[in-house]
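Trainee: I'd like to take a close look at a single part of this protein with you. Could you walk me through it and then show me how it sits in the whole?

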Amino acid sequence: MNIDIQKLLRPNILRLKPYSSARSEFKGDASVFLDANENPLNPPYNRYPDPLQHQVKEKIGRIKGVPSDSIFLGVGSDEPIDLLYRAFCVPGKDNVVAIDPTYGMYEVCADINDVEYRKVKLDTSFDFDPEQLLAASDKQTKLIFICSPNNPTGNSFSEEKIEKVITGFHGIVIIDEAYIDFSSYPGFARKLGSFPNLVILQTFSKAWGSAGIRLGMAFASPEIIAVFNKIKYPYNINQLTQEHALKLLDRNEERIDWVKTLINAREKLALELSGLSYVEMIYPSNANFLLIKVDNANELYNYLVNNGIIVRNRNNVTLCSGCVRITVGTAEENEELINTLKTYKTTVG
Ligand SMILES: *Cc1c(COP(=O)(O)O)cnc(C)c1O
């Protein structure tokens, strides 16, 4: 399918003349910077950061096999999610489609931007039918969100099904790969060149162990990346975050070890949970968390809170009644959780 990204854009964004910062107008080398009204007396954080984060993108590009001009960096994944709405969806007119249940931010951003959010319920195996997603869309549908591995269900979707959505849709398809490092699937970054309407979201918050620095990545065609760059806050990624990311990206081997450790811990945790009488189901996980179904999720949640352990109660989420979501912690944390869970039925009810 031939996709004209410019035609998909909101007319005001297409027309927009973006803010041009001092640091983005100048290109090349210099030693005296008198262009941005900074205070020269308090280095090193007195200077504005690189608005396009060239060094960070180059390192990410080498690890991910994605060219720099196909990378956008945002304040968490939250930023590219919001920018997608602001770039493509006319408030009160356009709509988006997403699987249900999934990550809550897609709907919150839709509500903030006054964009209709259409949910297509997964089946009881937490899987979707591409035809159903496409059937839920119409001329005013600009975005389709697919999260794989999905949060909170933990499963990955088949590449073939995802590709059917990408190739069958006239708008932008977003694959949120926040948990891709924990997955047995390779992810879509390697196929970026084949799909001009694809946006892949990844993050430093999970496998990279850096939720505190608020850094998210979007991979897409240079044309879509240029749209994000046009409408983002000029200096969205601060200097401290960029410096942290540059050091972090040199520790890729460690990240791979962290992922192995957490996957092993996830499997051990699943085994131990399966020995508890009130655990009815442990859903297969391709992520760093487990979704489990218990006989009384609210009661179990409160019991754990009273014992200083916080899990995510998903009891009121579509298809997740009776479920809690448990993030894989350190060996010590997981052991404390299991020990507390073992005393649950003897102390409550
Ligand atoms: C945790 C998570 C993210 C990460 O969000 P950040 O804003 O990058 O911290 C993105 N998508 C999903 C589905 C998540 O679960």
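Is Phe126 buried or exposed, and why does it count that way?

Mentor: Happy to, and please keep in mind that this is a predicted model. Phe126 counts as buried because its relative accessibility is 4%, and the cut-off for buried is under 20%. Its place is in the loop between S3 and H7. The backbone deserves a look too: phi of Phe126 is near 65 degrees, a positive value in a residue other than glycine. Most residues other than glycine have a negative phi.

Now look at Thr124, in the loop between strand S3 (116–121) and helix H7 (130–135). Thr124 is exposed, since its relative accessible area comes to 71%. So this loop holds both Thr124, which is exposed, and Phe126, which is buried. Thr124 also has a partner from elsewhere in the chain: its C-alpha atom is separated by 7.1 Å from that of Leu319, although the two are 195 residues apart along the chain.

Other loops have backbone features of their own. Arg214 has a phi near 50 degrees, again a positive value in a residue other than glycine. You will find Arg214 in the loop between strand S6 (198–203) and strand S7 (216–219), and with a relative accessible area of 31% Arg214 is partly exposed.

Then there are the cis peptide bonds. One runs from Pro43 to Pro44, with omega near 5 degrees, and Pro44 sits in the loop between helix H3 (22–25) and helix H4 (54–64). Another joins Asp100 and Pro101, where omega is about 5 degrees; Pro101 belongs to the loop between strand S2 (95–100) and helix H6 (105–112). Most peptide bonds are trans.

On the surface, Glu272, Glu332, Glu333, Glu335 and Glu336 gather in a patch of negative charge. Helix H13 (residues 331–342) gives the largest share of that patch, with 4 residues. Glu335, in helix H13, counts as exposed because its relative accessibility is 51%, and the cut-off for exposed is over 50%.

Finally, the whole protein. Its secondary structure comes to 14 helices and 11 strands, and 50% of its 349 residues count as buried. Along the principal axes, the C-alpha atoms fill a box of roughly 70 × 50 × 30 Å. The radius of gyration is 22 Å, which agrees with the value near 20 Å for a compact globule of 349 residues.

Notes
Residues numbered from 1 in each chain as written. Predicted model: local features only at pLDDT ≥ 70, side-chain atom pairs only at ≥ 80, totals over all residues. Heavy atoms only, no water. Patch = residues over 30% accessible without salt bridge, like charges linked within 9 Å, V, L, I, M, F, W, Y side chains within 5 Å. Areas by Shrake-Rupley, 256 points an atom, 1.4 Å probe, with all protein chains shown as cover. Salt bridge = Lys/Arg side-chain N within 4 Å of Asp/Glu carboxyl O. Lys, Arg positive; Asp, Glu negative; His and termini not counted. Charge placed at Lys NZ, Arg CZ, Asp CG, Glu CD. Helix = DSSP H or I, 4+ residues; strand = E, 2+ residues; numbered from the N terminus. Buried < 20%, exposed > 50% of the residue type's maximum accessible area, 1.4 Å probe, protein only. Rg over C-alpha atoms; globule rule 2.2 N^0.38 Å.
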